Amino acid sequence: MVQDITQFVLILAVMTGLVVVLGKWMTHLFTSPTHNIIERGTYGILGVNPAEGMSWSRYGMVLLLSNAAMMLLGYLMLRLQEYLPGDPLARGSQTPDLAFNTAASFVTNTNWQSYSGESSLSNFSQMAVITFLMMVSAATGVAAAGAFIRGLSRKNTADIGNYWVDFTRVTYRVFLPICFVMALIYVWQGMPQTLNADAIAATLEGAKQQLIIGPVASLESIKHIGTNGGGFFAMNAAHPFENPTPLTNTLHILSMLLIPSALTYVFGAMILRRRQGWAFFGAFLVMFLGFLVLVYGTEQAGNPLLTPLGVDQTQTALQAGGNMEGKELRFGIAQTSLFVTTTTAATTGSVDAMHSSLTPLGGLVPIAEMMLNNVFGGDGVGFINLVTYAILTVFLVGMMIGRTPEFLGKKVEAREMKYVMLAVLAHPFSILGFTALACLVPSTLESLANQGPHGFSEVLYAYTSGTANNGSAFAGLNANTTFFNTTIGLAMLIGRYLTLLPMLAVAGVLAAKKTIPEGPGTLSTATPLFTGLLVFVILVVGGLTFLPALALGPIVEHLMMLGGTTF
Amino acid sequence: MHKERTITHAPASISHSPFKGVTRPVLVSAVFFMLVTGLAYPLVTTGVANILFPDQAQGSLIVENGQAIGSRVIGQYFTKPGYFHGRPSATSGTDPNDPSKTVDQPYNAAASGASNQGVISKKLLDAFAERTKTYREENGLAADARVPVDAVTASGSGLDPHISVANARLQAARVAKARGLPEDKVLDFVDQNTSGPQLGVLGDQRVNVLELNLALDAAAQAHRAAQ
């Protein structure tokens, strides 16, 4: 218990320290006027003028079209996999609906996987499709966040920056160098990094064990730093080759939180209101800690239905105890709980334990974090979501005290509130709409691995994960059907672009406004009071929207577990 | 109010048209960044990793007499009484007799897998009851003995290389009997193959089953050679 809490405190302290280091570096990246030689060469190859300023609509359109081209390239390579070079295991091409789902999943930074990595992707696809889309989707999100913050920090201009410059710099100055170093640390700890496809071992008891290997470490590092989450192997970061030691697990956790948390600092630095950045960081952290306590508490308490069977789940000097189904022993309950809380907070979606086998309240946490979608959130977009709610909070509070709402010295008016509400509503519309649709389709029952409320949770989890661009799953669900591949694919695209584009519009509209001086009636948005109000609004909006669905899934399952009802 | 007009940022040009001149950069960027991030980055990493850590980069294989016998980080399926047993594994594989069927195949490192059953699943609870009973029988424990949770639950990957110290200690008597060794000696081996939390704080105490069994085999071989 003491050791568990020590781990939590230590890891979160390191994370907070990194906020400042990376925050300073990224602020420089988004504001520096000079391009280095490699970047200038890249602009030459692309044929773009780095000095061009873009309006929000142009920035958004270039982002959308370049993502579409990358998705198409990925789709084609998956469809043509069997003709592409270098796979001794001769794994076949993906079907059209599966390739659509995979390409949509990775370009939107979701990383939902309807396939299992070992059996369906060659090493070439793992690099040229998966690693590629992981890096560019993360760079897209961070670039958008940079433009968004820039828009909020400017006045009287339509210019929110240059997409190509933001994208290229984020890729070259943040992702590539950090991922390279991290990959080497991962290999040192026991992660494979090779072009060989497998190794055959003759086990001690004389059986044959085929070990699938490949370029795992280079995928694994961008997977977490880019808050992507898609695994090289089916069982993701629970697989010892993806996560061999507690140290790699810790580095995975820190990687996932790295950019989402640092963006709060970037924000404070770029709008010249440092306290505002920390106020947002505080909002992230408060929600995160609440969810962490809930997962850790329920998972360490274990499954009450096991105790009558004579199974010992207590934590002693000789065992970590707790609900160990679907968990790895080297992580135990503490490291697993922190990972579970982080992966859906930072909408990464990689898993080091099977979420489907979490206790009902433990499993509620990842769903709830994805529904809120801004407890840190994914690279770039999580921060944008938080500001969405900050503007909503300012608006609600402004209504209550009867003043025109202001945010960062700009009046918040009807037009930007329409965009904000579009971003806020697209999310539950996609989650609840598709879940309801799937419940009406008879074939859904055949995809379920669990009966009763847990079966409903599997479907709810799938669309929540897709829409939140998370990618983790209650993995019993067989989602590789035409219906699920297509609808989850659409949910991912809606969840990504229908929140990103309206908020770029908000940034564009606010950038064009003039600032108004602060008066005695101005609500300060950098105080603990505002942080509290912000968290309150997030929880109330999320609760009112999603509580009925949660009540049908994890909550009723929890009550059944206490009552001893089984399915 | 006039001071407001100072524009802090003045780029060379501002484009409002969303589509003007985007075709080439959009198409070229997809291919170019695929080459940089999808091929150059992983290939350079592979090259450097294989120079610095050639053993780990190829899967941390344990090789004896030129033949790989396993990976240090991947669990193996053990059933013999003279070996320590790993955790239950939910992996499956193709039926060797009928390729169209899938059958249970514990510790199949070509297809990681978990039960994915929820806590109130009858199937899972039945499996727990069965495994608890078997564990007690195999290790000569009383019918109401408490069984460590890791001994009856399947891991997330199905390839977990570790068991808890509590689990290993309860198996020691069985292994000692099968090998004709004193139990204390076997417990010494357990202690030698137990790792504490990494860097003193991270993760939990654990026993690597494959390494422990290899150590027992190596000692037995050395003993035979000495005779």
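Below are legends for several close-ups of a predicted two-chain model.

**View 1. Chain A as a whole, with its confidence.** Chain A carries 18 helices and 6 strands. Its radius of gyration is 23 Å, close to the 24 Å from the globule rule for 567 residues, so chain A is as compact as a globular protein of that length. Along the principal axes, the C-alpha trace spans about 75 × 55 × 50 Å. Of the 567 residues, 63% count as buried. Contacts with a separation of 6 or more are worth a look too: 78% of those in chain A come from residues 24 or more positions apart. As for confidence, the mean pLDDT of chain A is 92, and 100% of its residues score at least 70. The low point is helix H5 (residues 117–120) of chain A, with a mean of 84. The high point is helix H7 (residues 163–189) of chain A, at 97.

**View 2. Chain B as a whole.** Here we have 6 helices and 9 strands. What radius of gyration does chain B have, next to a compact globule of 227 residues? The globule would come out near 17 Å, but chain B has 28 Å. Its C-alpha atoms fill a box of roughly 90 × 50 × 50 Å along the principal axes. Some 43% of the 227 residues of chain B count as buried. Take the contacts in chain B between residues at least 6 apart in sequence, and 49% of them join residues at least 24 apart.

**View 3. The two assigned domains of chain B.** The domain assignment gives domain 1 as 25–56, while domain 2 is made of 60–86 + 160–227. Between the C-alpha centres of domain 1 and domain 2 of chain B there are 38 Å.

**View 4. Where chain B meets chain A.** In this contact, 108 residues of chain B touch 122 residues of chain A. Several elements of chain B each supply at least two residues to its side, among them strand S1 (13–15), helix H2 (54–57), helix H3 (122–138) and helix H4 (165–179). Which element gives the most? That would be H1(B), with 22 residues. Sorted by class, the side of chain B that touches chain A holds 58 nonpolar, 38 polar and 12 charged residues.

**View 5. A strand pairing across the two chains.** Strand S4 (residues 311–312) of chain A runs parallel to S6(B), and 2 bridges join them. Zooming in on S6(B), B:Pro148 is the bridge partner of A:Asp312.

**View 6. A small open sheet in chain B.** This sheet has 3 strands in the order S7-S9-S8, with antiparallel pairing. S7 and strand S8 (194–195) of chain B stand at the edges with a single partner strand each, so one side of each has no neighbour in the sheet. S8(B) and strand S9 (residues 206–208) of chain B are paired in the antiparallel sense over 2 bridges. Within S9(B), B:Arg206 is the bridge partner of B:Ser195.

**View 7. A close look at B:Asp104.** This residue is found in strand S5 (residues 98–104) of chain B. Is B:Asp104 buried or exposed? B:Asp104 counts as exposed because it has 12 C-beta neighbours inside 10 Å, and a residue with 12 or fewer falls in that class. For a sense of scale, the C-alpha atoms of B:Asp104 and B:Ala218 are separated by 31 Å, with the two positions 114 residues apart along the chain.

Note on methods:
Residues numbered from 1 in each chain as written. Chains lettered and ligands numbered in written order. Predicted model: local features only at pLDDT ≥ 70, side-chain atom pairs only at ≥ 80, totals over all residues. Helix = DSSP H or I, 4+ residues; strand = E, 2+ residues; numbered from the N terminus. Rg over C-alpha atoms; globule rule 2.2 N^0.38 Å. Buried ≥ 20, exposed ≤ 12 C-beta atoms within 10 Å, placed from the backbone. Contact = placed C-beta atoms within 7 Å. Nonpolar A, V, L, I, M, F, W, Y, C, P; charged D, E, K, R; others polar. Pairing = 2+ DSSP bridges. Domains from an automatic or database assignment. pLDDT = per-residue confidence, 0-100.
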